[in-house]
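Visitor: I would like a close look at a single helix and its packing. Please take me through its neighbours, then out to the rest of the model.

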2 protein chains.
Amino acid sequence: MFSNSSKYAIKAVLFLALHTNKNKKLMVKDICKPINVPKAYLAKLLQDLSRHDVVSSTRGPKGGFYLSEENREISVIQIVNIIDGKKRIESCILSLEDCNKDKPCPLHHTVSQSKSEMVKSLQSTSIKELAEDLKTKKAFLPL
Amino acid sequence: MFSNSSKYAIKAVLFLALHTNKNKKLMVKDICKPINVPKAYLAKLLQDLSRHDVVSSTRGPKGGFYLSEENREISVIQIVNIIDGKKRIESCILSLEDCNKDKPCPLHHTVSQSKSEMVKSLQSTSIKELAEDLKTKKAFLPL
DNA sequence: AAAAAAATATGACAATTGTCATATTTAGGA
DNA sequence: TCCTAAATATGACAATTGTCATATTTTTTT
């Protein structure tokens, strides 16, 4: 569904949401172990997210990655769109260019409703909300 | 969402559903053009599907691929599971091993309902039904 | 029985995705 | 100002997925 990279990115952002803020940053090496992602690979992903203003960072000593208040407002699907590209989740399930209500692909009637509901959920759920669920133990992030 | 291979496989099976039966077979070279899939690649996919009894085939002159009546009863998700593996669509969206109602991943509440509805649709829709929609022009397969 | 036509098996190669390391740039502290 | 600690940029390499070609096996027809 998502690529591995996207799953890693989501886990990392959620970890940052729980453990950082603009006064408390974390280095790659302190993030990679708890979320179980190879360090150099995570660094690359975080840099990508940073370039797209999904996470914040400062260089040098006392630097690191963190989530600003604005960062917390972004939705899960933005992360996926950055890492996997929009097509992977949002386009027609058979990748037909002009699949729509008037000219639906064979799977359109079958899946388009539940699929677009799923996309809508991913669009409307912010990192902040997910982090809240983790804090209140309504959700868990094992491994 | 699906891999390219799965999309190709679905298109091929649907094409077979429309144009073949046990008395009317088609060779790879007659299928690949209308569905726009490279010949040798399609051959490999059809062989895979044939091994898993999703499509039928006979060798030699007058041979070819076709869909038997039983073949028409299979669901879309069986094709995807053969080509992409079960995990890609059916497992937890973050690939957490033991994500369930009691110990949900952070995205569980957000997407699990619409996602499992989508999976259920893919499970309960047979090739026969999809082919029927194509015949009655309720659906289309361009390119 | 031989020839021909088809699927099947195998494997080479390319493109993409995932993994890792190293060199460069930036910022803080002595 | 210089040293050091961090992100950033770049690129090498591996694994997987997608693409294609060829040799083998099976079946029908003559």
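Guide: What follows looks at one helix of chain B, then its surroundings. This is a predicted model, in which local features need pLDDT of at least 70, side-chain atom pairs count only at pLDDT 80 or more, and totals for chains, interfaces and linings use all residues. Residues are numbered from 1 along each chain as its sequence is written, while chains are lettered from A and ligands numbered from 1 in the order in which they are written.

The part is α4(B), residues 76–84. Helices here are DSSP runs of H or I with at least four residues, strands are runs of E with at least two, and both are numbered from the N terminus. In α4(B), the buried residues are B:V76, B:I77, B:I79, B:V80, B:I82 and B:I83. A residue is buried if 20 or more other C-beta atoms lie within 10 Å of its own, exposed if 12 or fewer, and partly exposed in between, with C-beta atoms placed from the backbone. These buried residues pack against α1, α3 (39–51), α5 (86–90) and α6 (108–124) of chain B. After the helix comes B:G85, with a positive phi near 90°.

Take the partner α1(B), residues 4–19. The two helices pack at about 140°, and their axes are 9 Å apart. Axes are lines fitted to C-alpha atoms, for helices over the stretch in contact, and angles run from 0 to 180 degrees between N-to-C directions. α1(B) and α4(B) are therefore oblique to each other. Angles under 35 degrees count as roughly parallel, over 145 as roughly antiparallel, 65 to 115 as roughly perpendicular and the rest as oblique. The crossing is right-handed: the near helix is turned clockwise from the far one by less than a right angle.

From α1(B), the residues B:S5, B:S6, B:A9, B:I10 and B:V13 take part. They meet B:V76, B:I79, B:V80, B:I83 and B:D84 of α4(B). Contact means C-beta atoms, placed from the backbone, within 7 Å. By class, this contact has seven nonpolar, two polar and one charged residues. Ala, Val, Leu, Ile, Met, Phe, Trp, Tyr, Cys and Pro count as nonpolar, Asp, Glu, Lys and Arg as charged, and the others, Gly among them, as polar.

α1(B) also packs with α2(B), residues 28–35, at about 115° and with axes 10 Å apart. α1(B) and α2(B) are therefore roughly perpendicular to each other. Their crossing is right-handed. Here B:K11, B:A12 and B:F15 of α1(B) meet B:I31, B:P34 and B:I35 of α2(B). The residues of this contact divide into five nonpolar, no polar and one charged.

Now the core. The largest nonpolar core has 90 residues, and A:A12, A:V13, A:I79, B:A12, B:V13 and B:I79 touch the most other members. Such a core is a set of buried Ala, Val, Leu, Ile, Met, Phe, Trp, Tyr and Cys residues joined through C-beta atoms within 7 Å. A:V13 touches A:L49, A:V54, A:V55, A:I79 and A:I127, not counting residues up to four places away in sequence.

In chain A, the buried residues of α4(A) are A:V76, A:I77, A:I79, A:V80, A:I82 and A:I83. A:G85, just after α4(A), has a positive phi of about 85°.

Last, the chain contact. 36 residues of chain A touch 36 residues of chain B. On the chain A side, α6(A) gives the most, with 10 residues.

Technical notes: Two residues are in contact if their C-beta atoms, placed from the backbone, lie within 7 Å.
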